[in-house]
Amino acid sequence: MGTSTPPIAETRPHFSEHHGHKRNDVYHWLRDENWQKVMHDPSVLREDIRTYLDAENAHFEGFMGDHEKLKDTIYNEIRGRIKEDDTSVPFKHGAYAYFSRTLEGKQYSQVCRTDRDGGNEVVLIDNNVEAGDGYFRSGGASHSPDHKLLAWSCDRKGSEYFTVFVRDLETGKELSDQIINTSGGTVWAADSQSFFYIIQDENHRPHKVFQHTLGTDAAKDRLVYEEKDAGFFLGLHKTSSGNLILIDANDHETSEIRYIDAHNANSDPVLISARVEGREYGVEDDGETLYIVTNADGAIDFKMVTAPLASPSADNWTDLIPHRPGILMQGYFLKKGYLVRKEQFEGLPRIIVRDLANGTEEAISFDEEAYTLSVAGGYEYESSELRYYYSSPTTPSQVFDYDLKTKARTLRKTQEIPSGHDPKNYVTRRLFATSHDGEQVPVTILHRADLKLDGSAPLLLYGYGSYGMSMPAGFSENNLSLVDRGMVYAIAHIRGGMEKGYSWYTNGKREHKTNTFDDFVASANMLIEKGYTSKGKIAAMGGSAGGMLMGAMANKAPELFGSIIALVPFVDVLNTMLDDTLPLTPPEWPEWGNPIESKEDYERIAAYSPYDNVVPQNYPSMFVMAGLTDPRVTYWEPAKWVAKLRVTKTDSNPLILKTHMGAGHGGMSGRFERIKEVAMAYVFALETTK
């Protein structure tokens, strides 16, 4: 496959020593020393680096040119399953109802509103107009409480530095207020006269919260809070009641929250409870009382406590819902008189509604073997209505409204598949693989109902396994293009996620990180043993930290896989964790370890870091994708990895690298451009697992 000649990167010595270990990283030169400037302006990339990346892209184009017809076919199939002119179910707020819309043939969405019960529709912002012809990513849009203004933001480089604008919704024109280098989100004060935002520093760390008063010079905005610890990032949001604006400082295992009274926005932030290493908490309020979810006191799967707003420190926390091992408490919000929370129980989500007056609870759950479920409270705290979203690998998304008082459920929308979809043609299963230590690893699979379990089918196995992120088992119009060609689609819910509780996460991080890899291998072997596929007919796919998993698989068990698809892969783990100037390094130390300070951490990471463990052996076919302005996984990680693989591996299997020269971590912008990326990956999976 493919006829173009792959480029060979030159080597240049670069020596370093840590904890007595000497290393020579001969591809270090691919890291542009001015990477911060490249994030803002890709044109300043050093010329020798650009020449190499361009050569890799040319090799990629040469390879994909042989498969253009199949790529176009899959692209058109996926696009044919999308209702291009679609409208979300509106959320009511005061005199209006807000919703988003996509238009046929257009890449981006519109933000719209009507009168509360319909009529007088207005397009508040059309992201297609704002995007023009270049890269565009929306950072969100937030209407002011008086409904007169819209704060919205965008990133035009892929670097995730967002510029905030303010639009007058009566005239449709932008105000003079404009703020650069933000994290994108804005939170309005109750009087609609000011809003809060977060600034990112030159190393891409969200570290300062400012208050901007409309009509004033942004350079004179009030600094509300600055986080001095480089290991902590800041978040900003408002409680469901609208009373409190929360400033959340956190790393991957510790949090600390301050609040500002939204009705007295010029006040100073009030600390709820000082950070304690390893303790996390989140906050909601009903006016006088705080409702706090926390892992304090050994509540590994979290519990809920209450505290008086007037004295909110941990000394005054009182248990409301005790810790129940194995039942993970996740998102939650308040509606007047009710507490709504989402839990993960036996690997599946459920929604619990609690009547705060009498403590009675009702569960919303479903009977399929695998599904996704999410819930939203909307804008109105006083309303008795909530909304939840349900789908499974065979069932397109459904939107329900649920009345907290009457318990009535109303189906508001079912995802439409224009090209047709019959769930009876497909089978969803939830299986379990036995890992090296006896742990049972959930695996969700989707295949056609007429599949023969004789090992002849190719299979795509997707994995992530980091940061406590659970992989949803929901409907995907993309995957049908694989399944309809006889491929099995599978998700390995490996340790490092939270599918089986918080301990499922902690047993897949730091000193337990290799459990993630062993779980993925066990999942692949189980699928082979049960006849879903055969050795060498599996395409493994993952992105970001899941791309690190892919790199580990390439080194650890290459014989299992026909191909590996690594999207913006975090593969240069050791060098990145040793570089505390990079955006994510200090906040990542709780996840991976700190190899600067700890010899033990250094040696542990060095033992699995994909880049550092490339050896002379046969590797599967490999497709690697990167983004030049990616602040999360910097472009040079996949570039260095591919360069090293190319001269070290002992096979002649395809190894292709595609670097988006004007995009970041999320790939190309625009919904149809993203489908093209999916189509490329799927072509590679299909062609390399025959």
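Axes are lines fitted to C-alpha atoms, for helices over the stretch in contact, and angles run from 0 to 180 degrees between N-to-C directions. The exercises below concern a predicted model.

**Exercise 1. Determine how helix H2 lies relative to strands S38 and S39, and which of its residues are buried.**

*Solution.*
Step 1. Helix H2 covers residues 47–65, a run of 19 residues. At 1.5 Å a residue, the expected span is 27 Å, and the end C-alpha atoms are 26 Å apart, which agrees.
Step 2. H2 lies across S38 and S39, and its direction makes an angle of about 120° with S39.
Step 3. The buried residues of H2 are Ile49, Arg50, Tyr52, Leu53, Glu56, Asn57, His59, Phe60, Phe63 and Met64.
Step 4. An α-helix has 3.6 residues a turn, so residues three or four places apart point the same way.
Step 5. The cover over the buried residues of H2 includes strand S38 (621–627) and strand S39 (655–660), together with helices H3 (68–80), H12 (636–648) and H13 (671–687).

**Exercise 2. Establish the strand order of the eight-stranded open sheet and identify its edge strands.**

*Solution.*
Step 1. The strands follow the order S32-S33-S35-S34-S36-S37-S38-S39, and their pairing is mixed.
Step 2. Strand S32 (426–434) and S39 are the edge strands, since each pairs on one side only.
Step 3. On average, neighbouring strands of this sheet are turned by 15° against each other, direction ignored.
Step 4. Strands of a sheet pair through backbone hydrogen bonds, either parallel or antiparallel.
Step 5. Strand S33 (residues 440–448) and strand S35 (residues 488–492) run antiparallel and are joined by four bridges. Val443 has Ala492 in S35 as its bridge partner.

**Exercise 3. Classify the ring pair of Tyr108 and Phe136, then that of Tyr635 and Trp636.**

*Solution.*
Step 1. Rings pair if their centres lie within 6.5 Å, and planes over 60 degrees apart count as edge-to-face. The count comes to 27 aromatic pairs.
Step 2. The ring centres of Tyr108 and Phe136 are 5.4 Å apart and the planes stand at 80°, so this pair is edge-to-face.
Step 3. The pair links distant parts of the chain, 28 residues apart: Tyr108 is in the loop between strands S5 (96–102) and S6 (109–115), and Phe136 is in the loop between helix H4 (127–131) and strand S8 (137–143). Both residues, Tyr108 and Phe136, are buried.
Step 4. For Tyr635 and Trp636, the centres are 5.2 Å apart and the planes at 90°, so the pair is edge-to-face. Tyr635 and Trp636 are buried.

Key: Residues are numbered from 1 along each chain as its sequence is written. This is a predicted model: local features need pLDDT of at least 70, side-chain atom pairs count only at pLDDT 80 or more; totals for chains, interfaces and linings use all residues. Side-chain values use heavy atoms; hydrogens and water are left out. Helices (H or I, at least four residues) and strands (E, at least two) are DSSP runs, numbered from the N terminus. The expected span of a helix is 1.5 Å times one less than its number of residues. Buried means under 20% relative accessible area, exposed over 50%, partly exposed in between (1.4 Å probe, protein chains only). Contact means heavy atoms within 4.5 Å. Two strands pair if DSSP finds at least two bridges between them. Rings of Phe, Tyr and Trp (its six-membered ring) pair if their centres lie within 6.5 Å; planes under 30 degrees apart count as stacked, over 60 as edge-to-face and the rest as tilted.
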